[in-house]
Amino acid sequence: MSSVNPYDKAYELSRALQNSDEMKGLQSAWHQASQHPDHHRILEQYRQVADEVQTLQMQGRKPRQEMVSELNQLMNEMQSDPQLLHYMEAEARMGQLMTDIMQILGKPLQEIYGHRAMDERDPNPHKK
C-alpha cells in the first residue's frame, strides 16, 4: 500500500491555484491597474503601508496614527477608482480562497488539538 506524499499534493494544489478563476482574475486586475502610473504608485504604496501595519500588529505593537491615516486615505483612493476597486475585489476573492484552503489544510491539526482540548475539559468524555 502506497502512502500519499503531501508535498506532491501541495504542488498539485499550487498548480490548481495558478489555474483558478480567482488567480486569473487577480492577475488580470493587477495587470490592468498597474498599467496606469498613478494606480501603480497607489497600489505599491498601499501594499507597503498595509504590510508595515500588519507586521506591527503581529508583534503586538500599535501602528502610529499617521500610518493608519495614510492607509485609510489610500484605501479611499482605491475605492473611488473603478479600476482599483476591481483590483481590490479580485484580491479579496483570492484572499477568501486562500483562507478557505488554509482552514481545510488545518483541519487534521484541529481534530487532534480539538480532541485534546475536549479531553482536558472533561477527563472522562465517554461517561454518561
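These are my notebook entries on one helix and the salt bridges of this structure.

**Entry 1: the model**
I began by noting that this is a predicted model, so I read every value below as computed from it.

**Entry 2: helix α3**
I looked up helix α3 and found that it runs over residues 37-58. I then checked its length: at 1.5 Å a residue, its 22 residues should span 32 Å, and the end C-alpha atoms lie 31 Å apart, which agrees. Just past the helix I came to Gly60, which follows α3 and has a positive phi, near 80°.

**Entry 3: the two sides of α3**
Which residues of α3 are buried? My list reads His39, Ile42, Leu43, Tyr46, Val49, Ala50, Val53 and Leu56. They cover an arc of only 165° around the axis, so they sit on the same side of α3. Turning to the other side of α3, I found Pro37 and Met58 exposed.

**Entry 4: His39**
I picked His39 from that buried list for a closer look. Its relative accessibility is 8%, and because buried means under 20%, His39 counts as buried. What is His39 in contact with, leaving aside its neighbours within four places in sequence? I noted Ala33, Asp81, Gln83 and Leu84.

**Entry 5: salt bridges**
How many salt bridges does the structure hold? There are three. A reminder to myself: side chains of opposite charge can pair when their charged atoms come close.

I started with Lys9 and Glu12, whose side chains meet in a salt bridge at 3.5 Å, N to O. Both residues lie in helix α1 (residues 6-18), three residues apart, about one turn of the helix. I looked up their accessibility too: Lys9 is partly exposed at 45%, and Glu12 is partly exposed at 43%.

Next I turned to Arg47, which forms a salt bridge with Glu91, with the closest N and O atoms 2.7 Å apart. This pair links distant parts of the chain: Arg47 is in helix α3 and Glu91 is in helix α5 (residues 82-121), 44 residues apart. Arg47 has a relative accessible area of 32%, so I wrote it down as partly exposed. Glu91, at 26% relative accessibility, also counts as partly exposed.

Last on my page is the salt bridge between Arg64 and Glu66, where the closest N and O atoms are 3.4 Å apart. Are these two buried or exposed? Arg64 is exposed, with a relative accessible area of 52%, and Glu66 is exposed, with a relative accessible area of 52%. Exposed means over 50%, so I can see why 52% qualifies for Arg64.

Terms used:
Residues are numbered from 1 along each chain as its sequence is written. This is a predicted model: local features need pLDDT of at least 70, side-chain atom pairs count only at pLDDT 80 or more; totals for chains, interfaces and linings use all residues. Side-chain values use heavy atoms; hydrogens and water are left out. Helices (H or I, at least four residues) and strands (E, at least two) are DSSP runs, numbered from the N terminus. Buried means under 20% relative accessible area, exposed over 50%, partly exposed in between (1.4 Å probe, protein chains only). Contact means heavy atoms within 4.5 Å. A salt bridge is a side-chain nitrogen of Lys or Arg within 4 Å of a carboxyl oxygen of Asp or Glu. The expected span of a helix is 1.5 Å times one less than its number of residues. The arc is that of the directions from the helix axis to the C-beta atoms.
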